[in-house]
Amino acid sequence: MAVVLDPSSSAEETPERHWLDRIGIPRKLAWGFLGVLIFMIGDGVESGYLSPYLLDEGVSKERVALLFSVYGVTASVAAWFSGALSDLWGPRRVMMLGLGIWGVFQVVFLVFAVPAVDFGLLLVSYGLRGFGYPLFAYGFLIWVTAVTPKRRLGSAVGWFWFAFTGGLPTLGALVASCAVPWIGAYSTLWLSLGLVVAGGLIALLLVREPTGRSRLAPAGERPVATLIGSLSIVWRNPRIGTGAVVRAINTAPQFGFLVFLPVFFTDTLGFTLSEWLQLLSAMFATNIFFNLIFGVVGDRVGWQRTVAWFGGVGCAVTTLLLYYGTVAAGDHYALAMVLVSLFGATLAGYVPLSALDPAHKGQAMSALNLGAGASTFLGPALVGLFLGPLGVQGVMWIFALLYLASAAMTLFLKLPEPVAPGAPGYSSGPGPASRARNESPEA
């Protein structure tokens, strides 16, 4: 997910004295960053093994893909609405709603749906739970942008994405790799609920900053109207529509991988479930590191070239390498570690995408957010449609071709006009590129 490039932060430009402020974490929100990290660890625990677990329980591959697709739809809607709801109600109330939804429907999922293997109830409980994490996490992101001084906003947003992607799926998968062999797959799902509740309570009870407790939008402003405008601008301005499509392609395969790669790595290649979960953690640990690198690369060689070549073409190549390399080597752990890390690295090539968007920043960024949310159901939907007739090899080729298509689409994206020093709107602080490098393409 992306954050508006030019937020109207009301925070005063006061000198930072505390060490947290100096490294870019607003001290008044520090507990919130920890809470988001623990919440997202809990949310990410299931990411690498829920698919094979449900298959073992007797749910078909097609139904598992449908389950993930419905979850993606609700998550994308929640992500899209999180900003407008925060403006209307205040970020803290939106976070409370997200935590409540996640907790209630996880209990229904675990107490009733999973033991009975009732697919209708699985679909409803897990699908509705998808509203939870975007409302909680992105509600806090809006809180961050509302209170952080503009000259520190890039660093603060970077720390948010560090907490977000550090939990989902990086540390979440690592926790699962230890917990599943120890307490079992079903009990690990209860552990994820405990972590989510703990993280949510840390953020909601220990953050006392007052701004996020009330409506953020000024009187007379209509956040929902801006939100609806982010849909119409997709076809009114084809460049913005193209940017949203590229953003959707960016992480669609990532979410599709979570449906079938766990089974492919364990049943076909012969890795243990713990080994696969460790590989998944390595993939996104590498991605977090390369998010920073490709921000710098984008400044040096150009944002458009970085997205097209390192992102689009790079992901197409590493997607095919991930399949053909592992098939040729079998359960060779070291080689698999290299291959998944290469994919995680090239996935970060899309980091400068937000800097390529044209004017209408508020609506453009909402449209980009919508594209990011769409990827959460696009990937699983493609797996559900093509895994049966084409197999893993065919799905990997579809994803690779989508990445190549996204590289071609970047030719239609417009670079923002430079602002001359001293001109209105010029700032000596961090520009769009430095802020964009802090935006994770995973979320």
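## A walk around helix H5

Start by selecting two groups of residues: Ile-101, Trp-102, Phe-105, Gln-106, Val-108, Phe-109, Phe-112, Ala-113 and Val-114 in H5, and Leu-121, Leu-122, Ser-125, Tyr-126, Leu-128 and Arg-129 in H6. These are the places where H5 and H6 meet. Colour them by class and you should find 12 nonpolar, two polar and one charged residue in the contact of H5 with H6. Keep in mind as you go that this is a predicted model.

**Show the two helices whole.** Select residues 91-116 for H5 and 119-129 for H6. Their axes lie 8 Å apart, and the packing angle is about 160°. An angle over 145 degrees counts as roughly antiparallel, so H5 and H6 are roughly antiparallel to each other. Turn the view to look through one helix at the other, and you have a left-handed crossing of H5 and H6.

**Now bring in H7.** Select residues 132-147, which form H7. H5 packs against H7 at about 160° too, with the axes 7 Å apart. H5 is therefore roughly antiparallel to H7. The crossing of H5 and H7 is left-handed. To light up this contact, pick Pro-91, Arg-92, Val-94, Met-95, Leu-97, Gly-98, Leu-99, Ile-101 and Trp-102 on the H5 side. On the H7 side, pick Gly-132, Tyr-133, Leu-135, Phe-136, Gly-139, Phe-140, Ile-142 and Trp-143. The contact of H5 with H7 is made up of 13 nonpolar, three polar and one charged residues. Ile-101 and Trp-102 may look familiar: they belong to the H5 residues that meet H6 and also to those that touch H7.

**Next stop: Val-59.** Where does Val-59 lie? Look in the loop between helix H3 (50-56) and helix H4 (61-89). Is Val-59 buried or exposed? Its relative accessibility is 8%, so Val-59 counts as buried. Show its surroundings: beyond the neighbours within four places in sequence, Val-59 is in contact with Leu-54, Val-64, Val-117, Phe-119 and Leu-122. Leu-122 is also one of the H6 residues that meet H5. Try a distance label between the C-alpha atoms of Val-59 and Val-117: they are 7.6 Å apart, although 58 residues separate the two along the chain.

**Finally, zoom out.** The protein has 16 helices and zero strands. It has 443 residues, and 57% of them count as buried. Switch on the surface and you are looking at about 17,500 Å² of exposed area, with carbon and sulfur atoms supplying 67% of it. Among contacts between residues at least 6 apart in sequence, 86% join residues at least 24 apart.

Conventions
Residues numbered from 1 in each chain as written. Predicted model: local features only at pLDDT ≥ 70, side-chain atom pairs only at ≥ 80, totals over all residues. Heavy atoms only, no water. Axes fitted to C-alpha atoms, helices over the stretch in contact; angles between N-to-C directions. Helix = DSSP H or I, 4+ residues; strand = E, 2+ residues; numbered from the N terminus. Parallel < 35°, antiparallel > 145°, perpendicular 65-115°, else oblique. Left-handed = near helix turned anticlockwise from the far one by under 90°. Contact = heavy atoms within 4.5 Å. Nonpolar A, V, L, I, M, F, W, Y, C, P; charged D, E, K, R; others polar. Buried < 20%, exposed > 50% of the residue type's maximum accessible area, 1.4 Å probe, protein only. Areas by Shrake-Rupley, 256 points an atom, 1.4 Å probe, with all protein chains shown as cover.
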